[in-house]
Structures are given as C-alpha cells and as structure tokens.
Amino acid sequence: MTLDPQLLETKELYGILSTAVAPRPIAFASTVDGAGRVNLSPFSYFNVFSSVPPILVFSPIRRGRDGSAKDTLNNINEIAEVTISVVNFDMVEQTSLASTEYETGVNEFDKAGFTEEASEVVRPPRVKESPVSFECTVDQVIALGDGGGAGNLVVARVVRIHLDEGMLDEDGNLDTVKLDLVARMGGSYYCRATPDNLFEIPKPLRNLGMGVDQLPHHIRNSNILTGNNLGRLGNLEKLPGGDLLKSVGEREEVQQALREGDAALHRLARRYLEQDNSLEALAVLLQGR
Ligand SMILES: Cc1cc2nc3c(=O)[nH]c(=O)nc-3n(C[C@H](O)[C@H](O)[C@H](O)COP(=O)(O)O)c2cc1C
C-alpha cells in the first residue's frame, strides 16, 4: 500500500506517523509566561540532535481543531527558556494527566501532583520527581506551518544538567536499567525499558565488519538464517582461519549436522549465534558447500 500524504485527513496522517515513528522519548517541558506563570506539558515529538553543543529539540504542534498554539509555545515566544525532564515509569500516569488541556495560566505541576524544583540558570522550574532534568535556553523556534497539526521545532540548548545520583552505576555513568524510562507509541500505547526489553548489539564501530556481501552465497541466501543472524555474521572482521575451521569441523555435533545436510548445519549455526558465538557460527556454516 502506498499513500500520498496530501490526500490524507490530518487524523489519518497523525495516526500513521505517530504509530510508525516509535517508540519516542518524552520531554516533560516546563515553561513560564511573561507574568511568571508556570506551565508543564509532555511532548514526544522530541529527541537529542547534537552533543557539542548539547541541543534538544521538541515540537508543540498547532491544535488540529483550530490551528491554535499551545501554551508551551506561547510561553517560549515570551520567555525563551525551558526545562526538559525525562519521564520514567513511576511518573508516567501523572505525566499523562499533565497533558490535559487546562486553561492558560493553570500550573500542571499542581494539577498532576509534581514538585517544582527551582532551576539555577533559567526561570522555569524542573520536575523534582524526574531522574534527569535539563535547563535550556531556546536558540530558535522553527515554525513548520500555520495550520492545525503544524509543528514548531523548539531548538533548546542545554545549560545545566541535573542527575539523580541514585541512577548512576558504580562507574558513575547513567544506568539504563535504573532509569526505567518510558516511551510513547501509537494510540494510547507506551513502552517501558525494563531489563527483559533490553538487549545489546556489539558496536560495529569498534571493528570494521566485513559486510553481509562478503559472506558466501549459500549463507547469504539461507532459508534458516534471519536478517539479524546475517547482520551479526557481517559484523565479523573476516572469515575464520583454517585452524578454527578444522577444530570446529571435528566436533561431533558439526559432523552430525554435516551428515544431515545444509539445513541442519544452518540450524546449528543459529544456535551458536544465539549464544553470542558468531565466529564459531561462521566456522560451522563454512563446513557446508
Ligand atoms: C506522552 C505525551 C506526549 C505528547 N507529545 C506531544 C507532542 O509531541 N506535541 C504536541 O503538540 N503535543 C503532545 N502531547 C499533547 C500535549 O501534552 C497537550 O496538548 C498539552 O495539553 C499541551 O499543553 P500546553 O497547552 O500547556 O502547552 C503529548 C501528550 C502526551 C501525554
């Protein structure tokens, strides 16, 4: 199915974009208006776009029903400062409550039951309950349109970082498991970064992976190996040498698989891959044709 976005209703377009571009991190943004009134709202059109300088961007979109601007955007146009706090599982229900469209001037810290923590450099307070908060000055706001659904990129420069020290590991680094962050998915779905949802992939930058194109034809075209399996194998620097090929080839389970044929060999290699033993998996595969 192929669609032309110009022919879709705003709602359909939003549905596809927000379901497909997911999971999205959540910026819990606090701003103040010219009179100093505090606002707090979550935004999942959000990410980090630069490390040095440290730049975060989020996007309050114009309301679908009438194209009006949200309080967060109006506040930033008055006072170009924002704090962005991250959202973890313990905060997520209150965060959702803070997205309610209360009247302008209503403080969602109070409505959602969060605690204001004074910032050091900027005027908006940050969310005390959040494990990581960023104080930011706003470099620019880029309006992407003036109708309903149009985004406004708030380019926020981080000027202070606040970390809950309980979220650090023994080396002093932020600990992904302790953080327990949540992300926004399509519809009313969220997801949570629990340990059983996390997995690691060896970084390809450490070595120069030979690439899937260097694998012999019968491996690349296997009906048993998955794309993930091939990605792991292509991440190896080179084909295994003669000694390893010989010792792996002598194993009883490899001999047995060889007698049964290619499919058995590929299944055995997949088991090696599942045990993070990619070099030996490739050595198994190379016993075949
Ligand atoms: C998890 C979550 C993520 C959201 N992400 C966005 C977003 O990226 N952009 C947006 O305009 N509204 C988003 N919303 C809706 C706003 O939070 C909502 O419109 C809010 O009332 C705006 O508040 P304000 O008028 O005080 O700025 C999100 C809501 C939730 C619960």
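Biologist: Before we look at the ligand, what is a polar contact?

Modeller: In this predicted model, the term refers to a pair of atoms, each of them N or O. The two atoms must also lie within a cut-off, which is 3.5 Å.

Biologist: How far from an oxygen atom of the ligand does a polar side-chain atom of Thr72 lie?

Modeller: Thr72 is among the closest of the residues that surround the ligand. A polar contact needs a pair of N or O atoms within 3.5 Å, and the polar side-chain atom of Thr72 meets an oxygen atom of the ligand at a distance of 2.5 Å.

Biologist: Which residue has a side-chain N or O atom 2.8 Å from an oxygen atom of the ligand, and how much of the ligand's area does the protein bury?

Modeller: One such residue is Glu101, with a polar side-chain atom 2.8 Å from a ligand oxygen, and another is Lys70, whose side chain places an N or O atom 2.8 Å from an oxygen of the ligand. Taken alone, the ligand exposes 650 Å², and of that area the protein buries 92%.

Biologist: Which element gives the largest share of the shell around the ligand?

Modeller: The ligand sits in the largest pocket, and two elements, helix H2 (71-78) and strand S2 (38-43), each give two or more residues to its shell. The largest share, four residues, comes from S2.

Biologist: How many charged residues does the shell around the ligand have?

Modeller: In total, 20 residues surround the ligand. Sorted by class, seven of the shell residues are nonpolar and seven are polar, while the number of charged residues is six.

Key
Residues numbered from 1 in each chain as written. Predicted model: local features only at pLDDT ≥ 70, side-chain atom pairs only at ≥ 80, totals over all residues. Heavy atoms only, no water. Near = heavy atom within 4 Å. Polar contact = N/O pair within 3.5 Å; in protein donor to acceptor, adjacent residues only side chain to side chain. Areas by Shrake-Rupley, 256 points an atom, 1.4 Å probe, with all protein chains shown as cover. 1 Å grid on protein atoms, 1.4 Å probe; cavity = no way out; pocket = protein on both sides within 12 Å on 5 of 7 lines; lining within 4 Å. Sits in = over half its atoms within 2 Å of the grid points. Nonpolar A, V, L, I, M, F, W, Y, C, P; charged D, E, K, R; others polar.
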